[in-house]
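Visitor: Before we look, I would like each label you use to be justified by a value and a cut-off. Could you take me through it in that way?

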Amino acid sequence: MSVISKSAPVNTKATTQCSTDMFTRIVKFSPRFLLALLILPVLGGLISVLLPAFGYAPVLEQTTFSLQGFNALWQTPGLTQMVTLSVATGLISTLLAFIITLMILAAFFNSPWLNRIQRLLSPILVIPHAAAAIAVGFLIAPSGMISRLASPWLSGWELAPNGMFPHDSFGISIILGLTLKELPFLLLMALGVLAQPELGKKLRQQHKVALNLGYCPMTAFFKVILPSLYPLLRLPLLAVLAYASASVEMPLILGPNTPPTLAVAIMHWFNDVDLNLRIKASAGALLQLAVTGGLLALWLGAEKAVKVLFSDSLTNGVREYGGFYWQKITVVLTALVISFIMLSLIGLVMWSVAGFWRFPDAMPEQFTLLHFKSALMQMGSPLFNTLAIGLVTTLFAIILTLLCLESEQLSDKPISRFTSLIIYLPLLVPSIAFLFGLVWIQQLINNQAAFFNVVLTHLLFVLPYVFLSLASSYRRLDPRFAHVAASLGAAPCKVFFKVKLPQLFAPILIAAALGLAISFGQYLPTLLAGGGRIATITTEAVTLANGASRRTSAVYAIMQMALPLIGFILAWVLPKYFFKSARA
Amino acid sequence: MFAIKFWQTLARYSFCCVAFCVCAIANLAVFSSIAFANTVINSNSKSNLVINTQQGSRWQQVQTLGRNQDVYFYAWGGDAQINAYIQWAAQQVKTKYNINLVHVKLSDTSEAVSRVLAEKSANNNNQGSVDLIWINGANFATMSEHSLLLKQWANKLPYFALTDPANNPAVTFDFGLPTNGMEAPWGQASLTFYYDSIAINGKANNKLPTTLNELLNWSAQNPGRFSYPKPPDFLGMSFLKYALVVLHQQSSENIKAQLNQPATALNTAQVLNPLWDFLDKLHPTLWRGGTHFMQSGAQMRRLVDDTELSLAFTFSAPEVPAAVKRYDLPNSIRSYAMSDGSLSNTHFVAIPYNASHQQSAQLVANFLLSPEAQAQKQKAHIWGDKSVLIQSTLTPDQQALFKTAKPHPSALPLNSIKRTLSEPHPSWVNAIMQGWQTCYGVSQ
């Protein structure tokens with residue numbers, strides 16, 4: 001003991017002064033760094049798309065501002081159909097996912113089924129959009145699992161029938177795919193909100209009071225819990241809506257092509273051999289921005305309208321709205337959703353090991369590992385790229401997030417609403433609108449460092465999710481530990497590393513697994529920022545999804561799903577062995 | 001106590017210092033050895049350069065400058081067999097020249113064209129990311145028009161002479177446009193049809209169509225069993241060109257000659273109207289009623305496996321038996337060629353003007369043209385793509401490399417292609433595409 005008191009004073013005065021300043025300086029700077037990292041690429045990308053849209057494209061020797069891009073755009077055949085398709089698929093899929101989420105929550109609120117459904121659906125969350133689209137495509141095709149199960153005993157089909165799905169011109173396949181993919185996300189966001197200790201407890205108590213007053217469980221949910229729950233779900237909903245209206249992977253794999261959705265058409269124009277189409281594509285990107293912005297405004301307006309229209313029914317005292325039947329309907333709907341998801345996954349697995357599998361058969365004639373073997377031989381480099389990019393991006397995202405959250409606690413005020421909104425910015429702005437511009441800037445600055453460019457672009461999409469995931473756990477840390485440690489003489493960086501981080505080991509691993517899953521699933525950012533030189537499992541999967549071999553694309557889809565699962569298994573297993581004593 | 005603590009601290013700090021020094025020395029050693037090796041290589045190549053410029057041999061210069069580098073080969077990656085062949089070629093050039101061939105898989109060659117154009121606009125004139133590109137037809141026409149390709153290199157490759165360029169216009173003209181040494185030939189393709197022999201069983205109204213007219217009648221009697229990929233997909237355009245050439249087989253010489261001329265506002269309507277009339281009759285009988293067309297030929301093959309389609313076509317005849325062997329097509333599939341003619345063309349590899357590794361790319365292109373590589377490529381179980389080398393220019397040893405084994409039952413029988421049709425002028429591709437988009441691009 002005396003040794004410490006003798007040697008420590010000599011050092012602490014000088015070194016702790018410097019180390020505190022350094023660490024605290026870094027921490028205090030990090031929210032601004034985060035903001036810069038999120039705003040600059042997105043805004044820079046948007047501006048770089050704005051200029052060509054108005055005709056300024058030195059690439060094509062056009063340096064006068066003109067409206068020719070927009071003229072060409074208005075004259076595109078089928079433009080209204082493209083926009084209608086984008087709007088309809090985005091809006092309907094988000095609405096459907098939202099309503100089914102609410103119904104599941106309402107019907108199973110006090111039942112143990114909610115936990116079981118949560119555990120069933122959580123792995124679905126990390127399936128990338130491309131893999132989900134491939135799986136849904138297998139399900140609803142005329143020769144898909146549903147037809148095979150019903151043929152030939154029920155339908156009499158010996159050859160695959162003339163069907164409508166996928167690629168139907170109403171976009172129903174896209175809606176189906178998007179709904180099945182977004183439903184677990186919204187459900188888990190809502191359950192995450194309800195799992196917060198004070199809010200969740202308060203809401204459950206209010207629900208119990210409502211039940212005691214005679215309300216049926218579903219009505220109690222809608223009248224009592226939803227008004228408090230909704231504001232916390234608003235941002236995830238808007239993110240889902242923005243993604244659904246501007247996504248590229250789902251409509252590319254499941255959607256029609258006469259004409260396709262607006263985002264897919266823009267991507268084709270940007271990639272077209274005729275380089276003058278780039279101006280039209282930039283104008284189209286602005287149109288997409290307007291469409292998505294309009295949808296977001298529509299949603300917010302509808303929210304206000306619903307609030308006004310239903311404010312009476314909140315207090316009209318009606319206890320029953322046919323809750324019994326709605327409950328049964330919800331049970332049927334949930335069973336349907338889960339069975340769809342399970343069936344498409346089973347189909348996926350069977351295709352990956354299938355030999356010959358002619359149409360009406362429900363099982364393949366032979367099973368073979370040939371597809372896995374040949375795919376794994378080709379997969380070495382994409383796999384390495386996927387893992388490397390994912391790990392670097394996630395590491396960086398976690399460090400930055402932890403520093404920002406620490407700055408909240410060091411400066412003793414929460415990060416501003418502006419920062420919280422900006423964190424959602426890359427999710428709300430359609431990626432097709434700013435990614436092309438961002439790529440152009442990256443090429444101007446640094447052409448050869450494709451890896452760095454891809455990591456930077458992935459970071460934009462990984463940061464919001466990692467931040468969301470870590471923020472709640474970080475803010476829930478008991479501040480008294482930090483106070484006691486500080487009062488014992490520990491510097492802020494020591495408090496951070498030795499007191500806060502060990503307590504956060506499990507949440508950090510979960511956030512890391514989530515960040516990895518998001519990074520593994522990115523398609524457009526990898527394709528554009530890497531200039532096609534960086535192949536990841538997802539880019540390969542999308543290329544092969546519309547390719548010739550269902551079996552190979554099934555193998556890639558399974559790899560896409562397996563990678564994030566490994567991350568989550570690690571996140572589940574490791575906290576059991578490390579830092580056990582630190583967990584609260 | 002103080003003394004012990006002092007020695008402990010000193011020991012800890014000394015250990016850290018020693019560890020740091022060891023690491024630093026190790027790093028310095030590694031980096032300096034790499035730098036030394038690089039300077040040795042550079043000085044070797046520089047000294048070789050001095051020697052060779054004295055000797056004046058251009059190809060040896062290319063060989064020395066091209067060794068020990070990376071080549072980024074941008075090529076369509078939608079076929080596992082082709083990807084595997086490119087991996088084999090990569091291993092070969094690694095052994096021969098220590099070149100690292102990286103296959104950048106594209107879903108469409110236009111992606112690479114866009115890339116080179118973006119680099120040209122960013123004034124990147126010698127650090128391009130694309131070193132070698134698999135290309136022909138409209139993409140070649142675009143790159144050539146925008147001066148995006150390196151000129152006069154392909155005709156100087158040692159193995160180019162084996163393609164007999166003086167008597168073989170197929171290797172010096174790409175869709176009617178002269179290549180000007182901008183691209184080296186790689187392989188040849190002809191339009192082949194394949195069908196499910198269980199679905200098309202030869203009974204009444206279900207006989208195999210062998211001409212365009214028979215195809216129309218068969219499709220009318222068996223609706224929803226045939227379709228073609230959506231233009232501007234290469235295979236879809238090829239089907240439309242095949243239909244166009246066949247429909248004009250009975251036309252006057254004057255109109256037939258227009259197909260080899262550029263498409264202009266004057267002759268477009270006259271030449272293309274028969275095609276639109278034919279398609280108006282064909283579309284209602286197609287898969288999905290002609291309201292939706294699959295995006296690519298690969299998707300078409302998948303639909304045959306799904307038994308949604310009973311008849312399809314491809315440019316690469318060996319892809320069919322290869323797919324059957326991989327279980328991607330049922331074993332009831334058979335291939336054949338239309339009796340009124342098969343559209344044929346050559347595909348090439350080209351080097352962008354700003355490629356970072358021009359000499360290495362030329363070495364790779366030369367290897368791809370070698371008898372070993374061409375024979376390997378022609379093997380049915382590897383890729384089956386027809387070689388561009390003329391047998392009469394090869395030595396007997398080289399000819400022996402091309403001997404074939406017993407064919408697969410689903411493969412195209414030897415000498416099935418009785419008639420070849422040559423490609424029309426590339427400007428017709430655009431004309432057909434514009435017209436198709438206007439008539440059928442948006443489903444009503």
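Guide: Let us begin with a term: a residue is called buried when its relative accessible area is under 20%, exposed when that area is over 50%, and partly exposed in between. Please keep in mind that this is a predicted model.

Visitor: Why is Glu406(A) called buried?

Guide: The relative accessibility of Glu406(A) is 1%, and since the limit for buried is under 20%, Glu406(A) counts as buried.

Visitor: What makes Lys500(A) and Glu406(A) a salt bridge?

Guide: The rule asks for a side-chain nitrogen of Lys or Arg within 4 Å of a carboxyl oxygen of Asp or Glu, and the side chains of Lys500(A) and Glu406(A) meet at 3.0 Å, N to O, so the pair satisfies the rule. Lys500(A) belongs to helix H21 (residues 492-503) of chain A and Glu406(A) to helix H15 (residues 380-410) of chain A, so this pair ties together parts that lie 94 residues apart in sequence. Lys500(A) is buried as well, with a relative accessible area of 6%.

Visitor: Which labels do Asp478(A) and Arg480(A) receive, and why?

Guide: Asp478(A), at 28% relative accessibility, counts as partly exposed, because that label covers the range between the two limits. Arg480(A) has a relative accessible area of 59% and is therefore exposed. Their side chains meet in a salt bridge, with 2.8 Å from N to O.

Visitor: How do you know that Glu319(B) and Arg301(B) form a salt bridge?

Guide: Their side chains meet at 2.7 Å, N to O, which is to be set against a limit of 4 Å. This pair links distant parts of the chain, with Glu319(B) in helix H11 of chain B and Arg301(B) in helix H10 of chain B, 18 residues apart. Glu319(B) is buried at 13% relative accessible area, and Arg301(B) counts as buried at 3%. Elsewhere, salt bridges that share partners join Arg551(A), Asp305(B), Arg326(B) and Asp328(B) into one network.

Visitor: What makes Asp328(B) buried, and what is Asp328(B) in contact with?

Guide: Asp328(B) counts as buried because its relative accessibility is 2%, to be compared with the limit of under 20%. Asp328(B) is found in the loop between helix H11 (319-325) and strand E9 (333-336) of chain B. Leaving aside neighbours within four places in sequence, Asp328(B) is in contact with Ser549(A), Arg551(A), Arg301(B), Asp305(B) and Ala323(B).

Visitor: How many salt bridges are counted between chain B and chain A?

Guide: The count between these two chains is 5 salt bridges, and one pair between chains is Asp306(B) with Arg550(A), whose closest N and O atoms are 2.4 Å apart. Chain B and chain A bury about 5100 Å² between them, with 51% of it on carbon and sulfur atoms.

Visitor: What does the rule find between domain 1 of chain A and domain 2 of chain A?

Guide: The rule finds 0 salt bridges across that interface, and 0 residue pairs in polar contact with both residues at pLDDT 80 or more. By class, the side of domain 1 of chain A that touches domain 2 of chain A has 17 nonpolar, 1 polar and 1 charged residues. The area buried between these domains is about 1900 Å², of which carbon and sulfur atoms give 83%.

Conventions:
Residues numbered from 1 in each chain as written. Chains lettered and ligands numbered in written order. Predicted model: local features only at pLDDT ≥ 70, side-chain atom pairs only at ≥ 80, totals over all residues. Heavy atoms only, no water. Helix = DSSP H or I, 4+ residues; strand = E, 2+ residues; numbered from the N terminus. Buried < 20%, exposed > 50% of the residue type's maximum accessible area, 1.4 Å probe, protein only. Contact = heavy atoms within 4.5 Å. Buried area = accessible area lost by both parts, 1.4 Å probe. Polar contact = N/O pair within 3.5 Å; in protein donor to acceptor, adjacent residues only side chain to side chain. Nonpolar A, V, L, I, M, F, W, Y, C, P; charged D, E, K, R; others polar.
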